[in-house]
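The following exercises concern salt bridges and their surroundings in a single protein chain. Each task is followed by a solution in steps.

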Amino acid sequence: MKSAVVRLPAKTVPETGERLRPLWIPAAEALSVKQALFAFQGEYAISEDTLRRLIDKHGIANRSVTGGSWRVSAPALAMALDGDTAALELLRQDNRDHPDVARYFARLGIPRP
């Protein structure tokens, strides 16, 4: 007898199954998929497939309509690539003033709203 693989719905925390809080992405930190690939290619050398997997896993992008273009949060992408889930959770809670979050904005040269 085969065991069924349980897949959590998108935008859940794999460890707990809790739904992720939607990420607010202001225009100053939003990148398209192509822009994100270009901006992070030197430091991380990620492929488009890897970027899309990170978007799905961490919920670091949104789109206004189904099938529309992704708006990727540059600081959230940097956090995901660095494996800094604590900073990513703080960003998800809109705590952009926390030092662990602010350093990503400073590193990327993005003004905090």
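The exercises below refer to this predicted model.

**Exercise 1. Describe the secondary structure and the overall burial of the chain.**

Solution. Begin with the elements: the chain has five helices and three strands. Next, place them in order along the sequence, which gives the pattern β-α-α-β-β-α-α-α. Then turn to burial: 37% of the 113 residues count as buried. The accessible surface comes to about 7,300 Å², and carbon and sulfur atoms account for 53% of this area. Finally, consider the contacts between residues at least 6 apart in sequence: 53% of them join residues at least 24 apart.

**Exercise 2. Locate the partners of the salt bridge between E29 and R96, and classify each as buried or exposed.**

Solution. Step one is the distance: the closest N and O atoms of E29 and R96 lie 3.3 Å apart, and the cut-off for a salt bridge is 4 Å. Step two is the location. E29 belongs to the segment before β1 (30–31), whereas R96 sits in the loop between α4 (85–92) and α5 (99–108); the two are 67 residues apart, and the pair thus links distant parts of the chain. Step three is accessibility, for which buried means under 20% relative accessible area. E29 is buried because its relative accessibility is 2%. R96 is likewise buried, because its value is 5%.

**Exercise 3. Determine which residues are joined with R96 into one network by salt bridges.**

Solution. First, recall that R96 pairs with E29. Second, R96 also forms a salt bridge with D94, with the closest N and O atoms 3.3 Å apart. D94 counts as partly exposed, because its relative accessibility is 37%. Third, combine the pairs: through shared partners, E29, D94 and R96 form one network.

**Exercise 4. Analyse the salt bridge between R103 and D84 in terms of distance, location and accessibility.**

Solution. The closest N and O atoms of R103 and D84 are 3.0 Å apart. This pair, too, links distant parts of the chain: R103 lies in helix α5 and D84 in the loop between α3 (74–82) and α4, with 19 residues separating their positions. For accessibility, R103 is partly exposed, because its relative accessible area is 46%. D84 is buried, because its relative accessible area is 16%.

**Exercise 5. State how many salt bridges the structure holds, and name some of them.**

Solution. The structure holds six salt bridges. Among them are E29 with R96, R96 with D94, and R103 with D84.

Definitions and conventions
Residues are numbered from 1 along each chain as its sequence is written. This is a predicted model: local features need pLDDT of at least 70, side-chain atom pairs count only at pLDDT 80 or more; totals for chains, interfaces and linings use all residues. Side-chain values use heavy atoms; hydrogens and water are left out. A salt bridge is a side-chain nitrogen of Lys or Arg within 4 Å of a carboxyl oxygen of Asp or Glu. Helices (H or I, at least four residues) and strands (E, at least two) are DSSP runs, numbered from the N terminus. Buried means under 20% relative accessible area, exposed over 50%, partly exposed in between (1.4 Å probe, protein chains only). Contact means heavy atoms within 4.5 Å. Accessible areas come from the Shrake-Rupley method with a 1.4 Å probe; for residues, only the protein chains shown count as cover.
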